Amino acid sequence: MVNSTFTIVGRVTVSGEVHLILADGCTLTVKGGIQVAQGNSLTIYAQSGDSGKLEITDVAEYNAGIGGNNGEIAGAITIHVGTVTATGGSGTNSGGGAGIGGGHGGDGGNVTISGGTVTATGGGDAAGSGGGYGDGAGGS
């Protein structure tokens, strides 16, 4: 499956402890983002090196790209390797969700990035990684 692209349309919800392995040469696009609420965890790896990619796009307003929904504290999010791009949803009036972390008004939870290439952009003045607009930074 070298150089393949897979797309999921709709927000993915993490329940419990989930491990995502990004296959070499493949891109997984999630249109809507990944919800990781407090009490749940997502760990992202690449099959080898940083050649597997995860792209988060089209996130609803106030939700984090990867993490909490509007007003939610993020759970534990760990990125070891791979190429990850995530943008939080902007709010209609102001604010937004973190790229990786809390939704609008939600703390960033426990975000750990130990490797890989990560680009996280907050929506509407929220943190790239950490808390959503209007709350504590959180994250690590």
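Okay, let's start with one residue: Thr7 is partly exposed, because its relative accessible area is 44%, and the scale here calls a residue buried under 20% relative accessible area, exposed over 50% and partly exposed in between, with a 1.4 Å probe and protein chains only. Thr7 lies in strand S1. Strands here are DSSP runs of E with at least two residues, helices are runs of H or I with at least four, and both are numbered from the N terminus. If we leave aside its neighbours within four places in sequence, Thr7 is in contact with Thr29 and Lys31, where contact means heavy atoms within 4.5 Å. Ile113 is another story: 106 residues along the chain from Thr7, with 24 Å between the two C-alpha atoms.

Quick housekeeping. This is a predicted model, so local features need pLDDT of at least 70 and side-chain atom pairs count only at pLDDT 80 or more, while totals for chains, interfaces and linings use all residues. Residues are numbered from 1 along each chain as its sequence is written, and side-chain values use heavy atoms, with hydrogens and water left out.

Now the overall picture. How many helices and strands does the protein chain have? There are 0 helices and 14 strands. The radius of gyration of the protein chain is 13 Å, close to the 14 Å that the globule rule gives for 140 residues, so the chain is as compact as a globular protein of that length. That radius is taken over C-alpha atoms, and the rule is 2.2 Å times the number of residues to the power 0.38. Along the principal axes, the C-alpha atoms fill a box of roughly 40 × 25 × 25 Å. Buried residues make up 44% of the 140 residues. And of the contacts with a separation of 6 or more, 71% are between residues 24 or more positions apart.

On to the sheets. One open sheet has 5 strands in the order S1-S4-S7-S10-S13, and the pairing is parallel; two strands pair if DSSP finds at least two bridges between them. Strand S1 (5-9) and strand S13 (117-121) are at the edges with a single partner strand each, so one side of each has no neighbour in the sheet. From one strand to the next, the twist averages 10°, using axes that are lines fitted to C-alpha atoms (for helices, over the stretch in contact) and angles from 0 to 180 degrees between N-to-C directions. S1 and S4 pair in the parallel sense over 5 bridges, and Phe6 has Leu28 as its bridge partner in S4.

There's another open sheet of 5 strands, also parallel, in the order S2-S5-S8-S11-S14. Its edge strands are S2 (12-13) and S14 (129-130), each pairing on one side only. Inside it, strand S5 (residues 34-35) and strand S8 (residues 66-67) pair in the parallel sense over 2 bridges. Gln35 has Gly67 as its bridge partner in S8.

Let's go into the core. In soluble globular proteins, nonpolar side chains tend to be buried together. A nonpolar core here is a set of buried Ala, Val, Leu, Ile, Met, Phe, Trp, Tyr and Cys residues joined through side-chain atoms within 4.5 Å. Which members of the largest nonpolar core touch the most other members? Of its 20 residues, those are Ile34, Leu42, Ile44, Leu54, Ile56 and Ile66. Several strands each supply at least two residues of this core, among them S3 (17-22), S6 (41-46) and S9 (76-79). Take Leu42: outside its neighbours within four places in sequence, it is in contact with Val14, Val18, Leu20, Ile34, Val36, Ile66, Ala76, Ile77 and Thr78.

That last one, Thr78, sits in strand S9. Is Thr78 buried or exposed? At 18% relative accessibility, it counts as buried. Beyond its neighbours within four places in sequence, Thr78 is in contact with Leu42, Thr43, Ile44 and Thr112.

Two more residues before I stop. Thr57, in strand S7, is partly exposed at 28% relative accessible area. Not counting residues up to four places away in sequence, Thr57 touches Thr29, Val30, Lys31, Gly32 and Gly33.

Then there's Asp107, found in the loop between strand S11 (100-101) and strand S12 (110-113). With 24% relative accessibility, Asp107 counts as partly exposed. A polar atom of the Asp107 side chain lies 3.2 Å from the backbone nitrogen of Gly109.

How values were computed. Polar contact = N/O pair within 3.5 Å; in protein donor to acceptor, adjacent residues only side chain to side chain.
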